[in-house]
Amino acid sequence: MKDIVVIGAGKIGSTIARMLAHSGDYRVTVADRSDEQLAAIERHAAVSTAVVDIADGAALRALLAGKFAVLSAAPYHLTVAIAEAAADAGLHYLDLTEDVESTRQVKRIAENARTAFIPQCGLAPGFISIVANDLASRFDSLESVRMRVGALPQYPSNALNYNLTWSTDGVINEYIEPCEAIVESALIEVPALEEREEFSLDGVTYEAFNTSGGLGTLCDTLKGKVRTLNYKTIRYPGHAAIMKALLNDLGLRHRREVLKDIFENALPTTTQDVVIIFVTVSGRKGGRLIQETYANKVYSAPVAGSLHSAIQITTAGSICAVLDMLADGSLRAEGFVRQEEIALDTFLANRFGHYYAQENHGARAA
């Protein structure tokens with residue numbers, strides 16, 4: 001059994017701990033500064049808890065000493081501190097961050113590391129990059145790669161058509177920070193919440209708009225190889241207009257804590273959600289212009305006998321699959337590892353990656 005530390009005892013961190021503990025191959029220590037959050041962690045022989053404040057570097061490094069890997073399910077602004085502690089302690093590092101600048105810092109930290117540093121191991125960034133790179137690899141030359149992901153309530157009941165399904169800090173951050181994209185073969189930044197579009201899938205209409213971080217490292221990987229590359233978040237129609245009013249007209253982009261408080265006290269959480277993954281790639285094969293699309297819907301389901309939301313399952317399942325592949329030697333175990341280095345078939349064959357398997361959800365790859 002390998003010893004793992006999970007930083008963060010929230011919805012995702014607790015799901016990661018549950019998946020790993022019930023696999024029978026990992027001993028997990030869940031660390032958080034909140035006694036209340038830790039008290040809610042499932043009792044299991046392979047799970048222990050530790051009260052640790054990430055700001056206490058000495059305590060964090062002592063916790064990590066001798067472990068196989070640390071998985072960060074903490075807010076994005078703690079990413080760099082955890083990565084630096086992992087480098088000092090000499091263990092593998094994985095995270096779920098969507099924050100572009102934090103990932104750049106992790107890449108810098110990984111330059112001299114003898115262990116693997118694998119950021120952005122969630123749904124988007126994460127699995128979406130694995131899918132997009134797999135589709136892109138089938139073409140002789142690329143024209144466009146368009147990535148769309150959304151975690152939505154199955155039964156929306158408010159004006160935003162939205163329920164809190166994961167990190168509030170993460171949602172706000174991706175709605176505000178600049179977004180990377182490739183336009184006419186040039187790597188540029190575009191504003192969040194802009195370039196809204198509508199599309200239908202299975203008879204349901206959605207909107208999609210720019211958000212930050214979802215591309216992961218694909219811009220660097222595909223720069224010079226594709227004319228158009230972009231990522232947009234999927235919501236029900238009307239969401240973007242209200243968010244722009246809150247952030248821009250009411251100035252809440254400059255008062256993130258106020259917006260976070262409003263969200264967490266006004267928007268209920270739900271386990272009745274659906275994760276939509278929609279990737280379209282066009283390019284040339286044998287001289288012909290071809291388009292290929294991957295479409296998948298993942299719904300809430302039991303994990304080790306307990307119902308979990310779709311966003312918990314997809315996010316935790318993804319980072320657990322990457323950890324599993326690292327542990328069994330399927331992934332490079334040193335330096336900075338990009339998500340697109342992971343083969344889609346290998347990921348889906350993994351016991352944790354199998355949560356994305358299409359036969360589980362009636363989804364399709366077209």
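How many salt bridges does a search of the whole structure find? In this predicted model, the search returns 22 salt bridges. Three of these pairs are described here, followed by a pocket.

A convenient place to start is Arg-138, which forms a salt bridge with Asp-134; their closest N and O atoms are 2.6 Å apart. The two partners differ in their surroundings: Asp-134 counts as buried, with a relative accessibility of 17%, whereas Arg-138 is partly exposed at 42%. The cut-off for a buried residue is a relative accessible area under 20%, so Asp-134, at 17%, falls on the buried side. This pair also has company.

Another salt bridge brings together the side chains of Arg-256 and Glu-177, again with an N to O distance of 2.6 Å. Arg-256 belongs to helix H10, which covers residues 256–266, while Glu-177 sits in the loop between helix H7 (168–176) and strand S8; the pair therefore ties together parts that are 79 residues apart in sequence. Arg-256 is partly exposed, at 23% relative accessibility, and Glu-177 is likewise partly exposed, at 26%.

A third pair is made by Glu-207 and Arg-196, whose closest N and O atoms are 2.5 Å apart. Here Glu-207 lies in strand S11 (residues 204–210) and Arg-196 in the loop between strand S9 (186–190) and strand S10 (197–201), so the contact ties together parts that are eleven residues apart in sequence. Glu-207 is buried, with just 1% relative accessibility, while Arg-196 is partly exposed at 43%. Returning to the earlier pair, Asp-134 and Arg-138 are joined with Lys-285 and Glu-292 into one network by salt bridges that share partners.

Attention now turns to the second largest pocket, which holds about 250 Å³ of space. Its lining is made up of 18 residues, and those nearest the centre are Val-100, Arg-104, Glu-180, Gly-216 and Asp-220. Which elements each supply at least two residues of this lining? They are helix H5 (100–110), strand S8 (179–183) and helix H8 (218–222). H5 provides the largest share, with four residues. By residue type, the lining of the second largest pocket comprises eight polar, six nonpolar and four charged residues.

How values were computed: Residues are numbered from 1 along each chain as its sequence is written. This is a predicted model: local features need pLDDT of at least 70, side-chain atom pairs count only at pLDDT 80 or more; totals for chains, interfaces and linings use all residues. Side-chain values use heavy atoms; hydrogens and water are left out. On a 1 Å grid over the protein atoms alone, a cavity is a set of points where a 1.4 Å probe fits but cannot get out, and a pocket is an open set with protein on both sides within 12 Å along at least five of seven lines; lining residues have an atom within 4 Å of a point. Grid points are joined across faces, edges and corners, and a volume is the space filled by probe spheres set on the points. Ala, Val, Leu, Ile, Met, Phe, Trp, Tyr, Cys and Pro count as nonpolar, Asp, Glu, Lys and Arg as charged, and the others, Gly among them, as polar. A salt bridge is a side-chain nitrogen of Lys or Arg within 4 Å of a carboxyl oxygen of Asp or Glu. Buried means under 20% relative accessible area, exposed over 50%, partly exposed in between (1.4 Å probe, protein chains only).
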